[in-house]
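Notebook open, coffee poured. I want to go through this one piece by piece and jot down what I look up.

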Amino acid sequence: MIKNHHYRDMKPDELENVFSHFLIDSWSYSKVSTFARNPKAFEMAYIYNIPFRRSSSTVAGEAYHKALEYYFNEKIKGIKRDIADLQQIAYLYIDEMNPLKWKLQKSTPSIEDCKKKANDSVNDLLNNFFSDIHVYESELKSVLYVELYMDEFLTINGVDIPLPCHGIVDLVFKTNDDKIVALDHKSKSIYSDDDTIRFSIGKQAITYVNLIEAKTDLTIDEVWFVENKISKNRDKTPQVVCNKVIIDKDTRMLYENLLYEPLKGMLEAVSNPDFVYIINENDNFVDKAEIYEFWAKTLIAEVSDFNIKENKKDLIEKRLKKIRDASIAAIDPKTIKKFRENASQFIQYDLTNKDMTNEQKIEHTLRTLGLITSIPFTFSGYSSNSYLLELSAGTNLSSIFRYKLDIANALGVENVRINKDLYVYQGKSYISVEAKKTRETDLLFDSGQLEGNKIPLGFDNFNQKVIWDIDNASTPHILVGGSTGSGKSVFLISIIEYAKLMKFDDIYILDPKYEFTRYNGGNISVYSDIEEIETMMESLVEEMNTLVKTGRTKRTLVVFDEFADSISQSRSGNALNVYKDEIVGKYANGEPKTKRVIAETKKCLEENLRLLLQKGRSSGFRIVAATQRASVKIMSGDLKVNFGTIVCFSVPKEIDSKVILDEAGAESLSGKGDGLLKSPQYKGTIRFQAFYKK
């Protein structure tokens with residue numbers, strides 16, 4: 001039964017007015033415990049949204065949680081997974097961790113070291129889980145929820161809390177004796193002490209209980225905190241232990257009372273823009289240097305320098321102004337800046353806050369990893385910068401590739417691309433490292449860039465024009481890949497606009513997404529329905545065959561957008577059969593007896609496209625085929641071999657880049673026309689910025 005709640009029952013505009021007085025949008029047990037432990041750490045993480053970097057053990061714990069989420073979801077389906085299955089889930093989580101989130105330390109000075117240690121730790125955790133799985137399954141009757149997400153208004157200690165509570169509980173299940181249990185997985189370096197078990201986890205438990213009961217119709221009987229200790233116990237006792245919190249009328253009252261005090265203090269703080277968040281010098285859970293660097297930044301920075309939610313910017317801007325005015329009145333800004341620089345020096349292996357150029361950050365990072373390099377040249381492109389690295393004598397070139405995530409970490413970007421081919425500049429070879437940058441200007445479409453039959457595609461980071469030579473026998477067609485927002489459609493528009501200036505005899509646009517219908521007219525024909533696209537492709541193949549037989553050529557451009565989707569939606573199998581009635585005899589009354597037979601089988605859309613690609617170039621056909629689906633089934637080697645030029649804009653994952661380009665790199669692009677091009681016209685794969693045309 002849902003109880004009344006003063007704030008949950010408000011109208012949306014009334015609730016919005018309540019929220020406008022708080023610096024945060026919701027509360028959670030994690031926020032309350034952080035505030036109680038270290039108010040300044042709370043301010044940094046939850047008001048200014050600056051996350052602390054994660055150690056390898058923290059990431060291992062998160063990967064362990066992901067693996068157990070998979071295990072219990074599969075268990076609900078009746079599928080039993082083994083350790084190898086869970087390891088794959090955990091390894092993938094570790095591999096996909098943003099390099100900016102890793103905390104580099106003396107024991108793990110590189111991203112590779114962090115990953116290795118995290119892999120080792122998660123292996124230990126998963127081995128422990130399967131060795132001591134009876135802790136989970138001996139009392140488990142049925143799993144009710146896995147990773148239950150909750151965002152509910154709660155009443156704590158009889159008080160309606162004005163902000164919703166956010167939480168995720170790892171597991172909710174029914175025991176053999178029909179108790180309802182909420183369970184929290186914990187990876188630990190040491191087991192919780194008796195005081196923590198007796199008091200602290202009770203506050204977390206009652207938060208879970210209230211959330212689950214507000215979200216569902218369940219009544220929770222117990223909350224289990226199952227701790228998995230990474231390091232082996234010397235006494236050979238089980239690695240996985242279960243701390244149970246019994247939930248009854250008395251414990252509910254006790255734990256809500258214990259929770260309410262720090263919760264009330266936190267709510268009072270976030271509703272008071274003048275509240276001073278102090279630093280707890282004895283907090284061992286956070287990096288003190290990061291805290292002090294943040295504190296110094298708040299004294300001199302603007303609200304735009306922080307990742308503040310839009311609906312909280314006004315409140316925090318007023319708060320920052322008061323802090324800044326008070327601090328600058330008492331302390332010289334140069335002193336604050338110097339203090340911040342000193343604090344940042346103690347944030348081990350984090351160069352994002354250092355007063356260094358990007359070139360110095362790269363050189364310093366590689367030197368700490370044993371590679372002596374220098375960067376004599378930097379080239380600034382539209383979406384990225386290219387740094388030319390010169391290595392000292394005796395340095396193995398391939399070793400640079402191992403540390404690309406460390407370079408990204410130093411530069412404060414998600415990833416960097418290191419060109420596998422050396423770049424020759426002024427007669428000397430360098431390794432080219434590309435890192436995304438904040439776009440300052442767009443590369444606008446310019447008709448003056450067109451020269452003869454060479455269609456301009458954009459400019460590379462070295463300010464060299466990138467072209468598609470349609471008269472080059474090795475580059476008759478272009479394959480274009482890229483996800484939503486990558487700039488693929490705008491790239492096609494610029495090609496069409498240049499093709500109009502070149503006066504192709506005919507331009508056909510196969511447009512299943514209806515993005516180019518405005519071009520229909522004159523010598524440009526646009527087809528959007530799948531039936532029209534199939535029919536038009538058949539006609540083009542017939543026209544090509546006629547041209548080939550008569551030895552004539554006709555300059556024709558075919559732009560096929562989202563060809564992979566069209567192929568998957570097109571007819572196949574028996575749907576391609578054309579039937580006719582054939583006379584097979586006569587009935588007794590003399591009437592002809594007929595039978596429906598296959599007269600012919602038409603070629604499918606994919607086969608017609610392949611024929612046009614293979615034979616069309618000699619008769620003047622030029623094809624641009626684009627897709628956002630990096631499907632191995634569609635983009636097979638048989639199809640890709642017909643494209644002399646391949647362009648790939650940003651894609652979500654490395655595997656997508658490999659499907660399209662046969663190499664990684666496109667996952668590190670910044671979108672909006674930032675692309676990679678592979679063509680016989682150029683040595684290696686080059687990064688370029690495509691033209692922008694509305």
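**Entry 1: a helix to start with.** I picked helix α10, residues 288–300, and checked its length. Its 13 residues reach 19 Å from the first C-alpha to the last, close to the 18 Å expected at 1.5 Å a residue. Note to self: this is a predicted model.

Next I looked at what sits in front of α10. Aspartate 287 caps the N-terminal end, with a side-chain oxygen 2.9 Å from the backbone nitrogen of alanine 289. Then I pulled the list of buried residues in α10: Ala289, Glu290, Ile291, Glu293, Phe294, Ala296, Lys297, Thr298 and Leu299. I noted that Glu290, Glu293 and Lys297 are on that buried list.

**Entry 2: the sheet.** In what order do the strands of the open sheet run? I traced 10 strands, and they go β14-β13-β24-β23-β22-β15-β21-β18-β16-β17, with mixed pairing. The edge strands are β14 (465–469) and β17 (524–527), each of which pairs on one side only. I also looked up the twist: neighbouring strands here are turned by 25° against each other on average, direction ignored.

**Entry 3: strand β15.** I went to β15, residues 478–481, and asked which strands flank it. On one count, β15 pairs with β21 (residues 621–627) in the parallel sense over 4 bridges. β15 also pairs with β22 (residues 645–648), again parallel and over 4 bridges.

For individual partners, I found leucine 479 bridged to alanine 625 in β21. Valine 480 stands opposite valine 647 in β22.

Are the faces of β15 buried or exposed? Both are covered: Ile478 and Val480 are buried on one side, and Leu479 and Gly481 are buried on the other. A reminder for the margin: side chains in a regular strand alternate between the two faces of the sheet.

**Entry 4: strand β16.** I moved along to β16 (residues 506–510), which pairs with β18 (residues 556–560) in the parallel sense over 5 bridges. I wrote down two of the facing residues: aspartate 506 stands opposite threonine 556, and leucine 510 stands opposite phenylalanine 560. With β17, the β16 pairing is parallel over 4 bridges, and isoleucine 509 has valine 526 as its bridge partner there.

I checked burial too, and 5 of the 5 residues of β16 are buried. Asp506, Tyr508 and Leu510 point one way, while Ile507 and Ile509 point the other.

**Entry 5: aromatics.** How many aromatic pairs does the structure hold? I get 29. I zoomed in on phenylalanine 649 and phenylalanine 688, a tilted pair at 6.1 Å centre to centre with 50° between the planes. Phenylalanine 649 is in the loop between β22 and α20 (654–661) and phenylalanine 688 is in strand β24 (residues 685–690), so this pair ties together parts that are 39 residues apart in sequence.

I looked up burial for both rings. Phenylalanine 649 has a relative accessible area of 0%, so it counts as buried. Phenylalanine 688 comes out at 2%, which is buried as well.

One more item on rings: Phe377, Phe379, Tyr423, Tyr425, Tyr430 and Phe462 form one aromatic cluster.

**Entry 6: polar residues indoors.** While in β24, I stopped at glutamine 689. Its relative accessible area is 4%, and because buried means under 20%, glutamine 689 goes in the buried column. What does its side chain find there? A polar atom of that side chain lies 3.0 Å from the backbone oxygen of lysine 672.

Aspartate 406 is in helix α14 (residues 404–411). At 2% relative accessible area, aspartate 406 is buried. I also took a distance: aspartate 406 and valine 416 are 10 residues apart in sequence and 9.3 Å apart in space, C-alpha to C-alpha.

**Entry 7: cysteines.** Last check, disulfides: I searched the whole structure and found 0. I still looked at two of the cysteines. Cysteine 648 is buried, at 0% relative accessibility. Cysteine 242 is at 27%, so it counts as partly exposed.

Notes: Residues numbered from 1 in each chain as written. Predicted model: local features only at pLDDT ≥ 70, side-chain atom pairs only at ≥ 80, totals over all residues. Heavy atoms only, no water. Disulfide = S-S within 2.5 Å. Buried < 20%, exposed > 50% of the residue type's maximum accessible area, 1.4 Å probe, protein only. Pairing = 2+ DSSP bridges. Axes fitted to C-alpha atoms, helices over the stretch in contact; angles between N-to-C directions. Expected span 1.5 Å × (residues − 1). Polar contact = N/O pair within 3.5 Å; in protein donor to acceptor, adjacent residues only side chain to side chain. Phe/Tyr/Trp six-rings, centres within 6.5 Å; stacked < 30°, edge-to-face > 60°.
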